[in-house]
Protein chains: 2
Amino acid sequence: MVKPKRLLSLLLRLIAFGATLAAVIIMATSHEKGSFFALSYEAKYSDTPAFKYFVIANAIVTVYGFLALFIPSESPLWRLVLALDLVFTMLLISSISAALAVAQVGKKGNSSAGWLPVCGQVTKYCNQVTGALVAGYQVLGFSS
Amino acid sequence: MVKPKRLLSLLLRLIAFGATLAAVIIMATSHEKGSFFALSYEAKYSDTPAFKYFVIANAIVTVYGFLALFIPSESPLWRLVLALDLVFTMLLISSISAALAVAQVGKKGNSSAGWLPVCGQVTKYCNQVTGALVAGYQVLGFSS
């Protein structure tokens, strides 16, 4: 018989797993062809190291989250899972913060560095990155 | 009589406090007048939201780190300190990741977004930001 507390924990882990998976897919598929004056270019996540880090971190946590679903709380491994939860939460926080910081520059630009905002040119790409960040935040909500 | 373990914990907290304080001071005093073609401008931390966040987060942790020095481990508040340690570590991780992501763009630029690297123009400013990030990392090393 599964206890209600265990069931709740499983449900939360399942949602967190879904959210990291969604974050990876949304970010990894985000790309758009844009044009800036005469220049045409393709915006994609792999051009920006912070977004690459976001995808890698979320992919790692997705795999971990999947494996952790199958470890019963009576197992001697459970203490390890609790410790790893903390480590991977920190990894997620770090990757989301980094991606968010670059996304903010993309949205608002940085006039003192002469960086122009790019979201006007590649609106769909920007929305998709925003979606991935929202999915990333969901994970943090559920994992804490 | 102070126990050796308590003494070690105090020492680590003192170093972490010093490192956050150093990170705040180094980042907050970082500014340089640069020129880019005919344009002259002043680079300072407050132009970049991610660097502002870094300063604010480190300032909060500095104040907390100072107060935590005076709470004895026998106090009923000690459990709160242990919980807050975790919360503030996450805050620091987040602020360092965000600042690092923007600093990386400053150093390398991002050709697909058309953002040029700025460190060639404001070398001193860039070095100071790097110094602040190094100080921030020291804290993480000591607090974990």
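A residue counts as buried when its relative accessible area is under 20%. Keep that cut-off in mind, because we'll use it on a few residues of this predicted model.

Let's try it out on chain B. B:Cys119 has 14% relative accessibility, so it counts as buried. B:Cys126 comes out at 11%, so it is buried too. Over in chain A, both A:Cys119 and A:Cys126 are buried as well.

**Sulfur links**

How many disulfides are there over all chains? The count comes to two. Here they are side by side:

| Disulfide | S to S distance | Torsion about the S-S bond |
|---|---|---|
| A:Cys119 to A:Cys126 | 1.9 Å | about -80 degrees |
| B:Cys119 to B:Cys126 | 1.8 Å | -80 degrees |

What does the torsion tell us about handedness? For A:Cys119 and A:Cys126 it is about -80 degrees, so that disulfide is left-handed. The link between B:Cys119 and B:Cys126 is left-handed too, with -80 degrees about its S-S bond.

**The core**

Now for the greasy part. In soluble globular proteins, nonpolar side chains tend to be buried together. Here, the largest nonpolar core has 75 residues. Which of its members touch the most other members? Those are A:Phe51, A:Phe54, A:Trp115, B:Phe51 and B:Phe54. Helices from both chains pitch in: H1 (4-28), H2 (49-68), H3 (78-108) and H4 (123-143) of chain A, along with H1 (4-28), H2 (49-68), H3 (78-108) and H4 (123-143) of chain B, each supply at least two residues of this core.

Take B:Phe51 as an example. Setting aside residues up to four places away in sequence, B:Phe51 touches B:Met27, B:Tyr45, B:Ala99, B:Val102, B:Ala103, B:Tyr125 and B:Val129.

**An arginine to look up**

Next, find B:Arg13 in helix H1 of chain B. Is it buried or exposed? With 16% relative accessibility, B:Arg13 counts as buried. Who is it in contact with? Not counting neighbours within four places in sequence, B:Arg13 contacts B:Tyr64, B:Ala68, B:Leu69, B:Trp78, B:Val81 and B:Asp85.

**Two copies, one turn**

Finally, how do the chains relate? A turn of 180 degrees and a shift of 0.0 Å along the axis lay chain B on chain A, with an RMSD of 0.0 Å. The two copies are therefore related as by a two-fold rotation axis. Both copies use the same surface, as 100% of the contact residues of chain B recur in chain A. Want to spot the axis? Of the residues of chain B, B:Ala98 comes closest to it, with its C-alpha at 2.1 Å.

Key: Residues numbered from 1 in each chain as written. Chains lettered and ligands numbered in written order. Predicted model: local features only at pLDDT ≥ 70, side-chain atom pairs only at ≥ 80, totals over all residues. Heavy atoms only, no water. Core = buried A, V, L, I, M, F, W, Y, C linked by side-chain atoms within 4.5 Å. Buried < 20%, exposed > 50% of the residue type's maximum accessible area, 1.4 Å probe, protein only. Helix = DSSP H or I, 4+ residues; strand = E, 2+ residues; numbered from the N terminus. Contact = heavy atoms within 4.5 Å. Disulfide = S-S within 2.5 Å. Least-squares fit on C-alpha atoms with pLDDT ≥ 70 in both.
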